[in-house]
Amino acid sequence: MSTETPFDLKKTVNLPKTNFAQKANLAQGEPARLQKWEQLDLYHSICRARAGREKFILHDGPPYANADIHLGTAMNKVLKDFIVKSRTMMGFDAPYVPGYDCHGLPIEQHVEKALEKKGKKKSELSVETFRRICREHAENALKSQTRDFKRLGILGEWDDPYLTMSNHYEAETARMFARFVERGYVYKGARPVYWCIKDQTALAEAEVEYHQHTSPSVYVKFPLRSDPATIDPALAGRKVFVLIWTTTPWTLPANLGIAVHPDFEYSAFEYGDEVYIVASELVEAVVSKCDLGAAPSVVARFPGTKLDRLEAGHPWIDRPSLLMVGEHVTLGGEADAETELDVSEAQKKSPDSKAGTGCVHTAPGHGHDDFVIGKRYGLEIYCPVDNAGRFTPEIEHFAGMRVFDANDKIVDFMRERGVLLFSEKYDHRYPHCWRCKNPVIFRATPQWFIAMDGVEDSTSTHRPLREAALAEIQRVKWIPAWGVDRMSNMFKGRPDWCVSRQRVWGVPIPVFYCAKCTEAVADPAVINHVADLFERESGDAWYTHEASELLPPGYTCKGCGAAEWSKESDILDVWFDSGVSSIAVLESREELRWPADVYLEGGDQFRGWFNSSLMVGIAAHDRAPYDAVITHGWTLDAQGRAMHKSAGNAVEPEKVIKQSGAEIIRLWCASSNYFDDMRASDEILQRVTDGYRKLRNTARFALGNLHGFDPARDTVPEAEMEEIDRWALAELDRVLEKVWTAYSAYEFHNVYHALYNFSTVTLSARYFDIIKDRLYTFAPRNKARRSAQTALLRIADALARTLAPILVFTADEIWENLPDRVEPSVHIAEFPAITGVIDDSLVENWTALFVIRDEVLRALEEARVAKRIGSSLDAKVTVEASGKIFELLQRYQNDLRYIFIVSAVSLVEVPGQVIFKTGSVRVSVDTAEGEKCERCWNYSTRVGESERYSTVCERCIAALAEIENAS
Ligand SMILES: [Zn+2]
Ligand SMILES: [Zn+2]
Ligand SMILES: [Zn+2]
């Protein structure tokens, strides 16, 4: 032994040392790391590292390039990032090409308003100029969104996202329209669609929202023109009326018929010298509502079929109203006008189940059911209302009046004429325009449609869209599973898809009309010819070129041979645009492939993007463009209310990022089950931050104790490791299995909970606590210490890799502080391998030991509270046990003082099988014998044995000798 000056004891203790700071300082650290990634060209580095591997494609649903991102947008993108990153770390080549939805009404409105502020009008500008301003607006918005998404740590092809307004995309959209035409799915017709009279355009099903609205509810008499005796002889010679009920009196001028149910029984009852027909079940309700005296006297009862094809007269216009039978007629609520596609919406409807007469006023130009039955009975699709919602000149008394203003006037008018039985105010859910929030109407206008059930007289041999879609929906995996029903119901109920819009900021419908015979030319070859021009010049070409320049040279009308043309002025529905993305992006980009493995969006996309994408997939390849569809919930406040800036309950991502870092938003996304609605508030985010700190501290402990560890030199082979270190690795394996399974199933909350519990319970409260003594007091390169470090390296490495998809910044920071990393970023690495050699008996033994440990810790805590000991190292514990438990403890006799973190343990065997009151063992706590070692703080009776180190114990003397020899 050397005789040099003794060591400064404090310096011989291996205290943790790492650059991985305790305080995260995310708000500053994250931007710096983003810059580093930028320099590394991290996204493309990952792509290169995965080149040639099996592909996994998540296809991004494009957010609308109009506004700043909110918490819901952030969550949507972060969840996608979890998927892409976890699949990448599973070894897949998982490229991510984000996209933006750039066309459409909201941008047009925004630009119009901005023009108005400058005192200009849209009509003063050329279409090209207006489109250019729209394009600039979208470009600015998407630039700012891109900046925000990147700030959230989302990796992807941000330099070259897909834009629905790019030349290629616009060309592909036009080509896809040609494809629908080619397959015989497209027709032009007048069919009622949602119509906003403020914005003067048709609206898609996904563009209306339901709000409470007050309408006049009216009961109106329609005189029967046919001989009533044909219904029942008892009615011969009577003045008979059919009673209808409606909440849209403004549609009465367009009435052409009345629908009854073929299976309902109807009654004719007397009131004064008149006889009224209503459904038998509703007689009492109608009599009481319209105050028609006490007991009604029923003259005749008959099935609805008796009324079929009889004729009533319009209450004030000299025109017949045809009686028809239809299954859509109900005995309560509204069966007219508004079709509702969303099941949940339909359930909210009809607050007054006994409203109505069972005889439904039918205006084929103003309602979906009305249209369907009107078509069947050969009625005209009559719509005397113009784009601005005003009655056309042919409507006497009300011409030029807006329909909602006309409502009350029509009620008064009918009252004066004596055709109104009753009217009242009626609150119900009514469709409103999602943009301007005004109530919408149903209105038939000439529009381009995609047929769901095949086009009349078509020679197409392709399966009708509805049928094909319903079959594909069954094949797709829906997560959560209720998606299959939601989507099926959506498709069972949806009317033909109206794809034309009376707007300019979008992809023009490349159809021509013959100037002579007005024949519409929707020819796939011609459309593709125009699409090629879009590819070179964008959709603007439609407006900057004459028809003759757009058509193939020498093109003449097949109907009349003329060569003069006008251009269609409508553009395509933006949902058509975004629906095309799988073709325009997945099929067009080399690094991607069609179909996608997965789509992930909010539940509103069942009638939006999931829906239009499916139809495009079928038209293109007879197949859904996705194999799996994941739906996430809404972001709500702590009380479960929707977030609104105006309500002051909105959690703004920008603010959270500035205060706490993007990592906290990411961890929040992983902290609860996103299949349900996700709640956020300052308090909830504070809890997430606490969770973050615990994960961070766990990683920091491991990193700090790896200081000086050289894996190549110091790693201990698993077979030679200390048993508890092997146990920790077995537990790690079990967690890795859980994490892998949860990532595979997109259950990120299960990833978080598995890693959180592993960090706080298995590691911090147990493993780390026990190995501290060995790490701190043993000679730095002692094999037992290296054994613990070998385990710590595996653990820290696994934490970095498994946390990487969620905590993108922190995991990379852990990675940077690990010894001996090959990849410059954790995001290029893969998930850790599961060794698969979990020693079950090992895990079993240690599970039992930890149960006993909990009992010992309880006893120590009691002694501490009673002030009999200070720290647990002041104590010596006596453990009494019997049978198997005693045998187990005896096996680990030498380790027990370290497991319990006390200075000494004495083990006493109790004969026979004893169950103690407190548990499997009886624990008594005494003060430890001997003196406290200055170096390791354990008590020992052998402190003072060394002359050079008179204040340390025999273990420390050995450690110091080892250190001396090594130096
Ligand atoms: Zn509107
Ligand atoms: Zn012609
Ligand atoms: Zn000691």
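Donors are taken here as N, O and S atoms within 2.8 Å of the metal, and because water is not among the atoms, sites may look incomplete. In this predicted model, the zinc ion (ligand 3) has as its protein donors the SG atoms of Cys933, Cys936, Cys953 and Cys956, which lie 2.2 to 2.3 Å from the metal. The angles subtended by the four donor atoms around this ion run from 104 to 112°, and the arrangement is therefore tetrahedral, since four donors count as such if all angles lie between 85 and 135 degrees. Along the chain, the donors of ligand 3 follow the spacing C-x2-C-x16-C-x2-C. Of the residues in this site, Cys953 is buried, with a relative accessible area of 2%, and Cys956 is likewise counted as buried, at 1% relative accessibility.

The zinc ion (ligand 2) is held by the SG atoms of Cys514, Cys517, Cys557 and Cys560, at 2.2 to 2.4 Å. The site of ligand 2 is tetrahedral, with angles of 101 to 115° among its four donor atoms, and its donors are arranged along the chain with the spacing C-x2-C-x39-C-x2-C. Cys517 is placed in the loop between strand 19 (512-514) and strand 20 (520-521), whereas Cys560 belongs to the loop between helix 15 (547-550) and strand 21 (565-567), so that this pair ties together parts that are 43 residues apart in sequence. With regard to accessibility, Cys517 counts as partly exposed at 32%, and Cys560 is also partly exposed, at 38% relative accessibility.

Technical notes
Residues numbered from 1 in each chain as written. Chains lettered and ligands numbered in written order. Predicted model: local features only at pLDDT ≥ 70, side-chain atom pairs only at ≥ 80, totals over all residues. Heavy atoms only, no water. Donors = N, O, S within 2.8 Å, 3.2 Å for Na, K, Ca; no water. Tetrahedral: all angles 85-135°; square planar, octahedral: opposite > 155°, others 65-115°. Helix = DSSP H or I, 4+ residues; strand = E, 2+ residues; numbered from the N terminus. Buried < 20%, exposed > 50% of the residue type's maximum accessible area, 1.4 Å probe, protein only.
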